[in-house]
Amino acid sequence: MDDDQGPRYASNLLLREAYGGDPVLDGSVESQRSGTQRRPDDKAKRTYLWSDGRDPQDLTLQRWGVIAPLGDEGDALLDAIKPLLQQRRRDQGDVDVRVDRLPPDMDAMAVLKWRREHFDRGDEFRLDLPRYQLILGDLHQISPEVQMIQAASGAIGRLAFDTPDDYRRYVDKLLAWERAPRVQHDRRVVVHTVRDGTASTGVADAELVRPGVELLRSRVGQGDLRGVRLVTSGSDEPAPVDLSQHATIYDPGVFFTVSHGEGAPRRGWRSPQLQRSRQGAMSFGTSGSIGAAEVGAGTWMPGALWMMFACFSAGTPKTSKFARWLETLAGAGEFRGKVDEVLRSLPQGDARPFVAALPKAALLNEHGPLGFVGHLDLAWTYSFRELRDGRSNARPARFMAVLRECLGGSRYGLAFREIYRYFDEVNTELSVLEGADVQDPARRGHLWMLRQDLAGYVLLGDPAARLPVREPAAEPARSTSVGDFFAFQVQVADTPKAAPIDLKTVEKALADYLRGESIDAIARRLKVDKQALQAKIDRYQAAGREALKGDG
């Protein structure tokens, strides 16, 4: 490109043909022509979260709701998750759970209209709107656009399984984790890269994984990351065992993996059923893959959040957000043939879009993760690279912030919102460029691609779930002197003094806890310190188990 046309902006794709085939695009693709692309969902602006001035983790303040399909299918799914609905009602102070029912195949404009006219009309305060929202149903039942637009201002997750019984299994597993006493584990974060020698994983390792690990390491031992154990994994001869040796340890944690996702083999998928069962699996090149069969049984990341950086890792839409741009490249003679290879991984003919089999199996595994973050489209390296003035700058904090929030005790939906914070910043800059009519097609092209890439990430699982380990012990309350500002000395306590916890209080709290009430709610109602109450309940239960040993 000539100098007067500006620098080129390029990225890599994390997609490999199934059955150990070749990377679909093992090289960089330029984004400049995407600066002219427009789609209806480009205009979906973020709105500010409600109740930001109050504890974002507290469901009594923030609320939890459900979005389900219309009709008999939706009725069956709501019935399947009834125990979760009842638990979340208790968690939010015996306030009814809001349930919205939507038709299938809503595009972005239809979702925005529903949101404006029904969900948040603007004629009442948002205090009772659910900040945490759980979508029920696969992509053909509730469209991806619903999740994308609602995630712009809320903490959104999705459950998508094949039968109502599968929804019951996940709910039973989730509630079992929540009701079990939280044990004191070293909170573990495992960062794994499939170093298969391709350009895409090489860029991701150099600009996302390595600097990201250093970011986390710099925080270990400080503040919210005290007690965190950081594990890096991945060999120069990659094989599934490299990851499974860490994933099969029964120790809840957070996992971040980088790999190619499996797409259509060279001759295409033999059937839509085969595509739904395999596409998005974690590719280890010629050494095999990790798919639904490998993560659906035994121990696999128990109670964890798994963040999988790969194409189609969360699922496959009917139409890619990048399709028009790729077709523009093909029409200009660039990557001719290769573009067809990329797009053949989309559902063909009347085949429906779908959530990938791998996260479905992992979330259904009794000893598997509670949450999964993946990509619902083609995943590029744009999402962690800041391309400005012809140079690439690593921005690993966009993803490491999600891990950090989870390790600090945040609910998975709230931690996932860290990605959408960057989506909002990118959307704002792009809107400014468009409004000012700035003639910078290269910059606009990069921002367009970056926005589309970030918008593809979704959370699967209940957004109110969190890492099931005891939070780090709180620092003791300190007193702050403000005497320097006045002629007399005043002591201001950082936290109010909690009520004492006697045996009767412990026994009452334990009874409520075993009935399903959260420690947060119990401690708030009894006006006692949450950490101290949890510690006494754990000691009480441990003493009871010790006394019963040998009774048979």
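**Exercise 1.** In which sense do strand 2 and strand 11 pair, and over how many bridges? Work it out on this predicted model, then place both strands in their sheet.

*Solution.* Start with the pair itself: strand 2 and strand 11 (residues 260-263) run in the parallel sense, joined over 3 bridges. Next, pick out a contact: glutamate 17 has glycine 263 in strand 11 as its bridge partner. Now widen the view: 4 strands make an open sheet in the order 2-11-12-13, with mixed pairing. Finally, look at the edges: strand 2 (15-17) and strand 13 (289-290) each have a single partner strand, so one side of each has no neighbour in the sheet.

**Exercise 2.** Find what stands opposite histidine 375, and describe the side chains of strand 20.

*Solution.* Strand 17 (residues 371-375) pairs with strand 20 in the antiparallel sense over 4 bridges. Within that pairing, histidine 375 lies opposite tyrosine 457. Then follow strand 20 (residues 457-460): Tyr457 and Leu459 point one way, Val458 and Leu460 the other, and all are buried.

**Exercise 3.** Characterise the salt bridge between lysine 360 and aspartate 162.

*Solution.* First the distance: the closest N and O atoms are 2.9 Å apart, and a salt bridge requires them within 4 Å. Then the location: lysine 360 sits in helix 13 (residues 357-364), while aspartate 162 is in the loop between strand 7 (155-159) and helix 6 (164-179), so the pair links distant parts of the chain, 198 residues apart. Last, the exposure: lysine 360 is buried at 9% relative accessibility, whereas aspartate 162 is exposed at 57%.

How values were computed. Residues numbered from 1 in each chain as written. Predicted model: local features only at pLDDT ≥ 70, side-chain atom pairs only at ≥ 80, totals over all residues. Heavy atoms only, no water. Pairing = 2+ DSSP bridges. Helix = DSSP H or I, 4+ residues; strand = E, 2+ residues; numbered from the N terminus. Buried < 20%, exposed > 50% of the residue type's maximum accessible area, 1.4 Å probe, protein only. Salt bridge = Lys/Arg side-chain N within 4 Å of Asp/Glu carboxyl O.
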